[in-house]
Amino acid sequence: MARHSCSAHRVMSLFLHRRPSDMAFPLAALFFLVTARWCLQVAHAGRQVFDVMDFGAIADGETDDSKAFLRTWTKACASPGRPSVVVPKGEYRLHPVVFRGPCKGYMELRLAGVLRAPDDLAAFRGSHEWINFASVDGLLVTGGGTFDGRGASSWHLNECPRNPNCTPLPVSIKLGRVRNVTITGVTSLDSKFFHVIIIGSQDVAIHRVTIRAPRDSPNTDGVHIQASSNVRITDTAVATGDDCVSVGPGSADITMSGVSCGPGHGISVGSLGRRPGEQDVRGLRVSNCTFAGTANGVRIKTWRGGVRPGSVVSGLVFEDIVMRKVRNPIIIDQEYCPYSSISCRHESAQLPSVVKISDVKFKNIRGVSATQVAVKLSCSGANPCHGLELRDIDLSYVKRSVATESRCANVAGGIAGGTLVPPSCI
């Protein structure tokens with residue numbers, strides 16, 4: 001059921017209550033009347049509201065409301081203008097759903113309630129995502145509500161921290177092949193795997209979103225970006241058991257500002273170089289961010305070995321960043337392998353990384369390191385890093401009587417200037 005609201009009614013009312021003496025210009029008056037009527041029609045067409053309760057949602061936290069949500073989305077998606085799918089306060093249990101486009105208008109999902117994922121993985125029936133927005137051009141997700149992935153019931157089944165050939169658990173929210181999407185003012189809670197994945201998409205904004213999972217929850221990355229461009233993450237708080245934000249192959253023109261990260265593994269470019277044919281990562285700016293108690297701060301991580309030719313990482317800027325007891329505040333790790341088993345000791349894994357890193361700037365990064373080595377630039381012996389810059393770095397050790405250090409390997413020159421604590425190894 002669609003509902004309408006329109007301020008053009010007031011425009012029409014003001015016209016109809018004018019005095020006759022005011023109608024000195026009939027043509028202007030006619031133009032005014034026609035314009036007001038047109039505005040009224042546009043407003044009616046553009047502000048349709050589709051409430052999931054009108055399409056059969058129960059909102060008792062137990063009944064599967066997936067079909068009601070899909071009926072609501074389908075009806076709204078077929079409507080021109082700016083249709084709004086409204087989810088009132090309440091608890092809605094949803095099995096995996098795909099909100100598919102393209103749609104006729106600019107879609108809005110106004111979530112005031114709490115969406116809860118199934119506890120049992122059998123409910124996913126092979127689906128890799130819980131909520132999937134696919135091929136949508138024009139979408140706003142807002143409303144102050146919560147996406148509850150209920151991951152605690154499944155984290156013990158996650159084999160990925162131990163097995164490189166694991167089957168990943170479902171992602172909470174996927175933005176796949178979308179454009180012009182904004183997610184703002186909502187919470188993602190306890191995802192089973194990644195909270196949000198953005199893949200094959202352009203022009204996506206994550207703004208004032210809260211993402212939370214326990215420190216020990218495996219692979220609960222806050223936002224993962226891959227094969228996407230012009231993605232902005234701003235004023236967002238992320239506390240997870242893995243990367244707050246991870247930037248994968250094929251990412252370009254990525255901006256992060258005002259992100260608070262912790263607990264978690266920091267903001268990472270990578271991991272890269274594990275699979276053949278990976279695309280480059282170019283154009284990343286991380287600024288005005290805060291890290292608290294994280295395993296890493298700003299990090300680039302690439303696997304050892306790989307198939308030539310390797311991908312390129314270039315045009316990265318990390319600046320105006322505060323570290324609060326962070327274990328590895330600034331780190332390039334081109335010997336990345338998170339497994340302690342045979343897979344990391346395999347002969348092919350001992351070869352240098354084929355990924356090429358260049359033009360990376362670390363500027364105005366300050367705070368406290370939880371480890372003595374506050375700056376670690378461990379580049380590939382096959383492809384040394386070029387064009388690195390360290391400027392105005394001030395990182396003290398949590399043990400005040402001990403000075404911090406920096407360590408470099410395979411860094412082929414660069415620039416260092418301004419305050420440098422620890423002293424530069426470039």
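Start with the largest nonpolar core: select Phe-318 and Phe-362, which touch the most other members among its 85 residues. Keep in mind as you look around that this is a predicted model. Now color residues 312-326, which form strand β27; this strand gives the core its largest share, six residues. As a rule, nonpolar side chains in soluble globular proteins tend to be buried together.

Next, zoom in on Phe-362. Which residues is Phe-362 in contact with, leaving aside neighbours within four places in sequence? Show Val-298, Phe-318, Ile-330, Ile-332 and Leu-377, then add Glu-389, Leu-390, Arg-391 and Ile-393, and you have the list. Notice that Phe-318, your other starting point, is in there.

There is another core to visit, lying apart from that one. It has seven residues, and you can find it by selecting Cys-160, Cys-166, Leu-169 and Phe-193, which are among them.

Time for some strands. Select residues 179-184 for β13 and residues 202-207 for β16. These two run parallel and are joined by five bridges. To see how they line up, pick Arg-179 and look across to Gln-202 in β16, which stands opposite. Then add β19, residues 229-234. How many bridges join β16 to β19? Five, and this pair runs parallel too. For a spot to click on, try Ile-206, whose bridge partner in β19 is Ile-233.

Now for a helix. Select residues 66-77, the 12 residues of α3. From its first C-alpha to its last, α3 reaches 16 Å, close to the 16 Å expected at 1.5 Å a residue. Color Ser-66, Ala-68, Phe-69, Thr-72, Trp-73, Ala-76 and Cys-77, the buried residues of α3. Why do they sit on the same side of α3? Because they cover an arc of only 165 degrees around the axis. Turn the helix around and select Lys-67 and Thr-74: these exposed residues are on the face turned away from the buried side.

Finally, zoom out to the whole protein chain. With a secondary-structure coloring, you'll be looking at four helices and 33 strands. Of the 426 residues, 49% are buried. Switch to a surface view and the chain exposes about 19,100 Å², with carbon and sulfur atoms supplying 53% of it. One last thing to think about as you trace the chain: among contacts with a separation of 6 or more, 77% are between residues 24 or more positions apart.

Notes. Residues are numbered from 1 along each chain as its sequence is written. This is a predicted model: local features need pLDDT of at least 70, side-chain atom pairs count only at pLDDT 80 or more; totals for chains, interfaces and linings use all residues. Side-chain values use heavy atoms; hydrogens and water are left out. Buried means under 20% relative accessible area, exposed over 50%, partly exposed in between (1.4 Å probe, protein chains only). Contact means heavy atoms within 4.5 Å. Accessible areas come from the Shrake-Rupley method with a 1.4 Å probe; for residues, only the protein chains shown count as cover. A nonpolar core is a set of buried Ala, Val, Leu, Ile, Met, Phe, Trp, Tyr and Cys residues joined through side-chain atoms within 4.5 Å. Two strands pair if DSSP finds at least two bridges between them. The expected span of a helix is 1.5 Å times one less than its number of residues. The arc is that of the directions from the helix axis to the C-beta atoms.
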